[in-house]
Amino acid sequence: MRTFRIGGIHPPANKLSAGRPIETIAVPAAVVIPLSQHIGAPAKAVVAKGDKVKVGTLIGKAEGFVSAHVHSSVSGTVAKIDTAPGDSGTARPAVYINVEGDEWETDIDRSDTLVKDCNLSSEEIIKKIETAGIVGMGGATFPTRIKLTPPPGNKAEILIINAVECEPYLTADHSLIMEKSEQILVGTVILMKSLHVSRAVIGIECNKPDAIERMTGLSAEYKGIEIMPLKTRYPQGGEKQLIDAVIRRQVKSGALPVSVGAVVQNAGTVYAVYEAVQKNKPLIERVITVTGKKVTRPSNFRVRIGTPVSTLINAAGGMPEDTGKLIGGGPMMGRAMVGAAAPVMKGSSGILLLTKEESLRRPSHDCIRCAKCVGACPMGLEPSLLMNLSEYKLWDDAEKNYITDCIECGSCSYTCPANRPLLDYIRLGKSAVTGMIRARKN
């Protein structure tokens with residue numbers, strides 16, 4: 001069975017919410033919708049205090065090349081335009097809306113009817129995706145329209161759908177695949193058309209046999225789509241790792257996946273594309289996992305963007321008394337949250353509640369030169385060296401040793417017997433080197 005060829009680990013899956021049907025969270029009394037839900041510059045507010053909005057109304061217009069539009073996920077009155085703390089505590093511009101009813105924009109098709117046929121051109125598809133504010137929903141939040149318009153000199157040959165969900169605990173994509181299988185297949189066909197490719201592969205790890213069986217059976221009716229079971233291995237959901245697993249091509253340092261002919265899209269993103277193109281529905285809600293070993297009801301929720309995280313935790317049975325840390329995302333690549341008041345965003349894939357014991361850092365010791373971190377790194381880097389260079393602020397040397405290639409998967413820290421904070425220092429160094437590179441270009 002296929003998998004990527006460099007590094008990787010196999011942490012406990014802890015898929016506590018697997019098999020749970022998707023539950024829809026009731027619309028809250030108020031939402032806070034950040035205008036920065038993508039990797040580029042924040043969207044510019046196009047509404048003002050006192051304005052009436054509906055579900056699907058444009059409230060933030062993209063500013064810059066890698067920005068994305070933002071839409072209201074509720075109907076009601078704009079209370080104010082202000083800043084709001086995100087999951088990391090950093091203040092972001094946001095639109096505050098008081099909810100009044102649940103009135104939708106009239107051009108949005110809210111029915112569950114499957115719409116298979118798409119007669120739009122590639123350009124029209126991409127325009128609809130841009131208009132709907134679709135971004136990568138695996139966590140990266142890279143605007144989808146950009147991935148569908150390769151730079152000059154590059155041509156897509158294959159579309160790869162990331163249905164791997166290798167991050168421990170998270171099951172949002174798995175549940176979506178099981179409940180919206182045909183919509184994802186139609187979305188895959190639409191993306192194939194937008195890229196002018198005749199082949200697509202949906203990669204699913206073998207710890208999801210029900211998803212593999214279901215998608216394999218349904219995909220027989222969709223020309224050019226192959227379901228590929230993959231060996232369970234973390235971080236197979238990384239773009240470069242998934243490309244290696246599926247087509248055995250390595251993406252060079254600093255290069256884009258399309259340089260080897262591949263375009264990768266997350267399963268949740270594909271479903272959002274289906275809804276945008278076939279239903280005229282902007283990205284105003286998503287499926288998110290709320291889980292943890294002490295959580296009463298680990299669940300997968302469909303929730304409106306801007307809903308407080310605390311609402312989801314309450315729906316999962318409330319916050320356990322011995323909760324030591326909230327993680328936005330999974331335990332490997334997720335980041336600690338400052339509190340449960342933060343809103344759900346387009347890239348929110350999961351909320352993980354760790355116990356106090358789980359969240360404690362073990363004492364760090366000197367490196368014993370075991371090279372386990374080197375063997376685990378899926379990018380072929382030397383994490384111990386990169387940590388040292390970052391610790392002593394040797395940014396030029398860090399750049400020469402490809403620190404910007406780090407995908408921040410945490411495999412190095414996971415395997416380190418000395419409990420060294422490898423990823424923490426590498427993240428610090430990567431940020432500094434990236435800033436240095438950006439300054440050089442200006």
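Start with Glu285: its bridge partner in β14 is Arg304. That pair belongs to a run of six bridges that join strand β13 (residues 285-291) to β14, with the two strands antiparallel. Keep in mind that this is a predicted model.

On another edge of the story, β14 also pairs with strand β1 (residues 22-24), this time in the parallel sense and over three bridges. Here Glu23 stands opposite Phe301 in β14.

So what about the surroundings of β14 (residues 299-304)? The strand is mostly covered, with six of its six residues buried. Ser299, Phe301 and Val303 sit on one side, Asn300, Arg302 and Arg304 on the other, and both of these faces are covered. Arg304, the partner of Glu285, is thus one of the buried residues.

**A second buried strand**

Now for β10 (residues 200-205). Why is this strand described as largely enclosed by the rest of the structure? Because six of its six residues are buried. Ala200, Ile202 and Ile204 point one way, while Val201, Gly203 and Glu205 point the other way.

β10 has parallel neighbours too. Strand β9 (residues 158-162) is joined to β10 by four bridges, and Ile161 stands opposite Ile202. Strand β11 (residues 225-230) pairs with β10 over six bridges, again in the parallel sense. In β11, Met228 is the bridge partner of Gly203. To get from β10 to β11, the chain passes through helix α5 (residues 209-219), making a right-handed β-α-β crossover.

Here are the strand pairings side by side:

| Strands | Sense | Bridges |
|---|---|---|
| β13 and β14 | antiparallel | six bridges |
| β1 and β14 | parallel | three bridges |
| β9 and β10 | parallel | four bridges |
| β10 and β11 | parallel | six bridges |

**The second largest pocket**

Moving on to the pockets, the second largest has a volume of about 1200 Å³. Which residues lie nearest its centre? They are Pro331, Leu354, Glu358, Arg362 and Tyr414, out of 32 residues that line the pocket. Elements giving two or more residues to this lining are β15 (323-328), β16 (335-336), α9 (356-359), α13 (411-415) and α14 (422-441). Of these, α14 provides the largest share, four residues.

And what is the lining made of by class? The second largest pocket has 15 nonpolar residues in its lining, along with seven polar and ten charged ones.

Methods: Residues numbered from 1 in each chain as written. Predicted model: local features only at pLDDT ≥ 70, side-chain atom pairs only at ≥ 80, totals over all residues. Heavy atoms only, no water. 1 Å grid on protein atoms, 1.4 Å probe; cavity = no way out; pocket = protein on both sides within 12 Å on 5 of 7 lines; lining within 4 Å. Points joined across faces, edges and corners; volume = space filled by probe spheres on them. Nonpolar A, V, L, I, M, F, W, Y, C, P; charged D, E, K, R; others polar. Buried < 20%, exposed > 50% of the residue type's maximum accessible area, 1.4 Å probe, protein only. Pairing = 2+ DSSP bridges. Right-handed = clockwise from strand over helix to strand, strands pointing away.
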